[in-house]
Amino acid sequence: MAGQLGWPMSGMLGIYYDDPRQVPEEELRSKACAIVTEGFDPKVEGVEAFTIPGGQHAVHRHLGSYSKLGDAWMALYSEELPAFDMDDNGSPFEIYRNTPMDTAEDDLVTDLHVPVKSK
């Protein structure tokens, strides 16, 4: 939708508000987002502009199919996050560095971010 409306996008991301290990699948909350210039007003009913809080993040780069993102998230949570405390001031998100519209599935790049604090 953002592309069709000609919004000044520099990327796309997904935000995830719940831990799928603790919340039933049908109750999970998320947002699909377009990364736009600061101050941009979408002027579309049901669409809101907001800023993701800055700060320190644990980041895991996933290469390949979106169908394997669940495995990438599990690796991030089980292997990398134990070195940090979660930061409740933000939610985990994915930044899609390219798109399946013009990139082969094996060449997709997705960065997984989790807000953290140093222990």
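A charge sits over a ring if NZ of Lys or CZ of Arg is within 6 Å of the ring centre and within 35 degrees of the ring normal. I start there since one residue in this structure, which is a predicted model, meets that rule. K31 lies over the face of F50, at 4.4 Å from the ring centre.

On confidence, the mean pLDDT of the protein is 89, with 99% of residues at 70 or more. By element, β5 has the highest mean, 96, and strand β4, residues 84-86, has the lowest, 83.

Now the strands. β1 covers residues 9-16 and pairs with β2, residues 30-36, in the antiparallel sense, over seven bridges. Within that pairing, M12 has A34 in β2 as its bridge partner. β1 is also joined to β5, residues 93-96, by four bridges, and these two strands run antiparallel as well. There, I15 stands opposite F93.

Next, the loop between β1 and β2, where Y17 is placed. Is Y17 buried or exposed? Neither: its relative accessible area is 30%, and because buried requires under 20% and exposed over 50%, Y17 counts as partly exposed. Y17 and R29 are 12 residues apart in sequence, yet their C-alpha atoms are 5.5 Å apart in space. Leaving out residues up to four places away in sequence, Y17 touches R29, S30, K31 and S91. K31 is the residue over the face of F50 that I opened with.

On to the aromatics. The structure holds four aromatic pairs. One of them is W73 with Y77, a tilted pair with 6.1 Å between centres and 40° between planes. The tilted label applies because stacked needs planes under 30 degrees apart and edge-to-face needs over 60. Where do W73 and Y77 lie? Both are in helix α1, four residues apart, about one turn of the helix. Y16 joins W73 and Y77 in one aromatic cluster. W73 has a relative accessible area of 12%, so W73 is buried.

Last, a polar residue. S65 lies in the loop between β3, residues 57-63, and α1, residues 69-80. Its relative accessibility is 11%, and therefore S65 counts as buried. What does the side chain of S65 make a polar contact with? The partner is the side chain of E105, at 2.9 Å.

To recap: K31 is over F50, β1 pairs with β2 and is bridged to β5, and the side chain of S65 contacts that of E105.

Terms used:
Residues are numbered from 1 along each chain as its sequence is written. This is a predicted model: local features need pLDDT of at least 70, side-chain atom pairs count only at pLDDT 80 or more; totals for chains, interfaces and linings use all residues. Side-chain values use heavy atoms; hydrogens and water are left out. Two strands pair if DSSP finds at least two bridges between them. Buried means under 20% relative accessible area, exposed over 50%, partly exposed in between (1.4 Å probe, protein chains only). A polar contact is a pair of N or O atoms within 3.5 Å; within protein, one must be able to donate a hydrogen and the other to accept it, and residues adjacent in sequence count only if both atoms are side-chain atoms. Rings of Phe, Tyr and Trp (its six-membered ring) pair if their centres lie within 6.5 Å; planes under 30 degrees apart count as stacked, over 60 as edge-to-face and the rest as tilted. pLDDT is the predictor's confidence in each residue, from 0 to 100. Contact means heavy atoms within 4.5 Å.
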